[in-house]
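Student: I have a sequence and a structure to go through. Can we take the packing step by step?

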Amino acid sequence: MTAIVIIYIIFIIFSAKIDAEHINRRQYFSDHYSRFVLRFVVTLGMSSGVLEFVLLSSLFWAIFDITLNYFTGNKLLYVGKTAWIDKQFNKIPIVYFLLKIIVLTISVICYI
């Protein structure tokens, strides 16, 4: 499982880097659907069961935005303003990130 988590974290970093390249060129995403499907399929393929799927999904959710913000030069807790989900959490970014930490913590506890 350790190797899978390391490879998955590399996948998260590459996903954030690719998105950052588009954002830095002012090519914004109004819809996350196509990237969601790709990431869902990769996560499903790397999981050997439901608990691993939940763990990897929460890992992606916890790490991706912070990594994307790093690559785009934004504050680490920055939440975008274009996509629907970003608009919902833009007003309360600290709650958004605390929720991510809670979900990841619960996932790790359940996995162990």
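Tutor: What follows is a set of short questions and answers on this predicted model.

Student: How many aromatic pairs does the structure hold?
Tutor: A pair of aromatic rings is described by the distance of the centres and the angle of the planes. Counted over the structure, the aromatic pairs come to 10.

Student: Is the pair of Trp61 and Tyr96 stacked or edge-to-face?
Tutor: The ring centres are 5.8 Å apart, within the 6.5 Å limit for a pair. The planes meet at 80 degrees, and over 60 is the edge-to-face class. So the pair of Trp61 and Tyr96 is edge-to-face.

Student: How many residues apart in sequence are the parts that this pair ties together?
Tutor: Trp61 belongs to helix H3, residues 50-72. Tyr96 belongs to helix H5, residues 93-111. The pair therefore ties together parts whose separation in sequence is 35 residues.

Student: Which class does Trp61 fall in, and which Tyr96?
Tutor: Trp61 has 27% relative accessibility, so it counts as partly exposed. Tyr96 has 5%, under the 20% cut-off. Tyr96 therefore counts as buried.

Student: Tyr96 also pairs with Phe89. Is that pair stacked or edge-to-face?
Tutor: Both Phe89 and Tyr96 are buried. Their ring centres are 4.3 Å apart. The planes differ by 25 degrees, and under 30 counts as stacked. So the pair of Phe89 and Tyr96 is stacked.

Student: Which helix gives the largest share of the largest nonpolar core?
Tutor: That core has 13 residues. Tyr8, Ile12, Leu59, Phe60, Phe64 and Leu68 touch the most other members. Helices H1 (2-24) and H3 are the elements that give two or more residues. The largest share, 6 residues, comes from H3.

Student: Which residues form one aromatic cluster with Phe64, and which does Phe64 touch beyond four places in sequence?
Tutor: The cluster joins Phe64 with Tyr8, Phe11 and Phe60. Leaving out residues up to four places away, the residues that Phe64 touches are Ile12, Ser15, Ala16, Asp19 and Arg39.

Student: What span should helix H2 have, and how far apart are its end C-alpha atoms?
Tutor: H2 covers residues 33-46, which is 14 residues. At 1.5 Å a residue, the expected span is 20 Å. The distance between the end C-alpha atoms agrees, because it is also 20 Å.

Student: Within what arc do the buried residues of H2 fall?
Tutor: The buried residues of H2 are Arg35, Arg39, Thr43 and Met46. An α-helix has 3.6 residues a turn, so residues three or four places apart point the same way. Down the axis of H2, its buried residues line one face, because they fall within an arc of 65 degrees.

Student: Which exposed residues sit on the face of H2 turned away from its buried side, and what covers the buried residues?
Tutor: The face turned away carries the exposed residues Tyr33, Ser34, Val41 and Gly45. On the buried side, the cover includes H1 and H3.

Student: Which backbone oxygen does the side chain of Ser47 reach?
Tutor: Ser47 is in the loop between H2 and H3. It counts as buried, because its relative accessibility is 16%. A polar atom of its side chain lies 3.4 Å from the backbone nitrogen of Phe53. At 2.6 Å, the side chain reaches the backbone oxygen of Thr43.

Student: Is Thr67 buried or exposed, and what does it contact beyond four places in sequence?
Tutor: Thr67 lies in helix H3. Its relative accessibility is 13%, so Thr67 counts as buried. With neighbours within four places left aside, Thr67 contacts Ile13 and Ala16.

Student: Which side chain does the side chain of Thr72 join in a polar contact?
Tutor: Thr72 is in helix H3 and is buried, at 16% relative accessible area. Its side chain reaches the backbone oxygen of Asn69 at 3.3 Å. The polar contact between side chains, at 2.9 Å, joins Thr72 to Asn74.

Student: Which residues does Tyr28 touch beyond four places in sequence?
Tutor: Tyr28 is in the loop between H1 and H2. With a relative accessible area of 47%, Tyr28 is partly exposed. Leaving out residues up to four places away, Tyr28 touches Ile23 and Thr82.

Methods. Residues are numbered from 1 along each chain as its sequence is written. This is a predicted model: local features need pLDDT of at least 70, side-chain atom pairs count only at pLDDT 80 or more; totals for chains, interfaces and linings use all residues. Side-chain values use heavy atoms; hydrogens and water are left out. Rings of Phe, Tyr and Trp (its six-membered ring) pair if their centres lie within 6.5 Å; planes under 30 degrees apart count as stacked, over 60 as edge-to-face and the rest as tilted. Helices (H or I, at least four residues) and strands (E, at least two) are DSSP runs, numbered from the N terminus. Buried means under 20% relative accessible area, exposed over 50%, partly exposed in between (1.4 Å probe, protein chains only). A nonpolar core is a set of buried Ala, Val, Leu, Ile, Met, Phe, Trp, Tyr and Cys residues joined through side-chain atoms within 4.5 Å. Contact means heavy atoms within 4.5 Å. The expected span of a helix is 1.5 Å times one less than its number of residues. The arc is that of the directions from the helix axis to the C-beta atoms. A polar contact is a pair of N or O atoms within 3.5 Å; within protein, one must be able to donate a hydrogen and the other to accept it, and residues adjacent in sequence count only if both atoms are side-chain atoms.
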